[in-house]
Amino acid sequence: MSQSEDIFARLKEDHDIHRTLLDKLLETSGDTPERQSLFEELTKELKAHAAAEEQALYSTMMRKPPTTHDTRHSVAEHHEIEEALNDLAATDMATGGWLSKFKEFDHRYRHHIDEEEEEHFPEFADHLTDEDREWMRSVFERRKREEKSEAEITPEKKEDAKE
Ligand SMILES: [Fe+2]
Ligand SMILES: [Fe+2]
């Protein structure tokens, strides 16, 4: 099977886009249009990626007993990632607090995608056929497009925001 048909190569392509967006955001400062637009793109991209990844890949891996545990772990992290994005969206970008929260988020997100690539995907690959992997790629492409067109920034209510 060529790499161009494989779900795991496709997910890794997205992860590399995420790493670039994180790098760019770390170089921004204050409440600037550049930081706002990069943060909006990152939010939509990460939410759409996680949702499509769950629909195309994790739903199947959840059903297979040997991979249920790793799948639960990753899906729980998706939930934490979304909460952290909502918390960032509710934090004033002009403050130093935003950048410290963002740095913590950056660290956690990179850990999540490194773990998927280095531990989960190779383990999952042992339980899938080439046909599964091709089919998952096509499901991912379709779902990612749809999820991305609907994704939006959803700030946590101010009173719920963490200090
Ligand atoms: Fe993920
Ligand atoms: Fe991922």
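User: Which residue bridges the iron ion (ligand 1) and the iron ion (ligand 2), and how far apart do the two ions lie?

Analyst: E53 is the bridge in this predicted model. The two ions lie 3.2 Å apart.

User: What makes E53, H78, H112 and E116 donors of the iron ion (ligand 1)?

Analyst: A donor is an N, O or S atom within 2.8 Å of this metal. The atoms here are OE of E53, NE2 of H78, NE2 of H112 and OE of E116. They sit at 2.1 to 2.2 Å, so they qualify. Along the chain their spacing reads E-x24-H-x33-H-x3-E.

User: Why is the arrangement around the iron ion (ligand 1) called irregular?

Analyst: Its four donor atoms subtend angles of 85 to 171 degrees. A tetrahedral label needs all angles between 85 and 135 degrees, so the upper value rules that label out. The arrangement is classed as irregular.

User: What ties together distant parts of the chain at this site?

Analyst: The pair of H78 and E116 does. H78 lies in helix α3 (residues 65–89) and E116 in helix α4 (residues 96–125), so parts 38 residues apart in sequence are joined.

User: Why do H78 and E116 count as buried?

Analyst: The cut-off is under 20% relative accessible area. H78 has 6%, so it passes. E116 has 0%, so it passes too.

User: Which residues coordinate the iron ion (ligand 2), and what makes that arrangement irregular?

Analyst: H15 and H49 each give NE2, while E53 and E116 each give OE, at 2.1 to 2.3 Å. The spacing in sequence is H-x33-H-x3-E-x62-E. The four donor atoms subtend angles of 87 to 175 degrees, which makes the arrangement irregular. H15 lies in helix α1 (residues 7–26) and E116 in helix α4, so this pair ties together parts 101 residues apart in sequence. H15 is buried, at 0% relative accessibility.

User: What span does α3 reach, and what is expected?

Analyst: α3 has 25 residues and reaches 37 Å from its first C-alpha to its last. At 1.5 Å a residue, 36 Å is expected, and the value is close to that.

User: Which elements do the buried residues of α3 pack against?

Analyst: They pack against α2 (33–63) and α4. Buried residues of α3 include T71, H78, I81 and L85.

User: What makes a set of residues a nonpolar core, and which helices supply the largest one?

Analyst: Its members must be buried nonpolar residues joined through side-chain atoms within 4.5 Å. The largest core has 17 residues, and L42, F102 and F105 have the most contacts inside it. α1, α2, α3 and α4 each supply at least two residues. α4 gives the largest share, five residues.

User: Which residues does F105 touch, beyond those up to four places away in sequence?

Analyst: F105 touches L22, L42, L46, I81, A84, L85 and L88. Apart from this core lies another, of 15 residues, among them L11, A52, M61 and M136.

User: How many helices and strands does the protein have?

Analyst: It has five helices and zero strands. Of contacts between residues at least 6 apart in sequence, 82% join residues at least 24 apart.

User: Why is the protein called as compact as a globular protein of its length?

Analyst: Its radius of gyration is 17 Å. The globule rule gives 15 Å for 163 residues, and the value is close to that, so the description holds. The C-alpha trace spans about 50 × 30 × 25 Å along its principal axes. Of the 163 residues, 46% count as buried.

Conventions: Residues are numbered from 1 along each chain as its sequence is written. Chains are lettered from A and ligands numbered from 1 in the order in which they are written. This is a predicted model: local features need pLDDT of at least 70, side-chain atom pairs count only at pLDDT 80 or more; totals for chains, interfaces and linings use all residues. Side-chain values use heavy atoms; hydrogens and water are left out. Four donors count as tetrahedral if all angles lie between 85 and 135 degrees; four count as square planar and six as octahedral if opposite donors are over 155 degrees apart and all others between 65 and 115; anything else is irregular. Helices (H or I, at least four residues) and strands (E, at least two) are DSSP runs, numbered from the N terminus. Buried means under 20% relative accessible area, exposed over 50%, partly exposed in between (1.4 Å probe, protein chains only). The expected span of a helix is 1.5 Å times one less than its number of residues. Contact means heavy atoms within 4.5 Å. The radius of gyration is taken over C-alpha atoms; the globule rule is 2.2 Å times the number of residues to the power 0.38.
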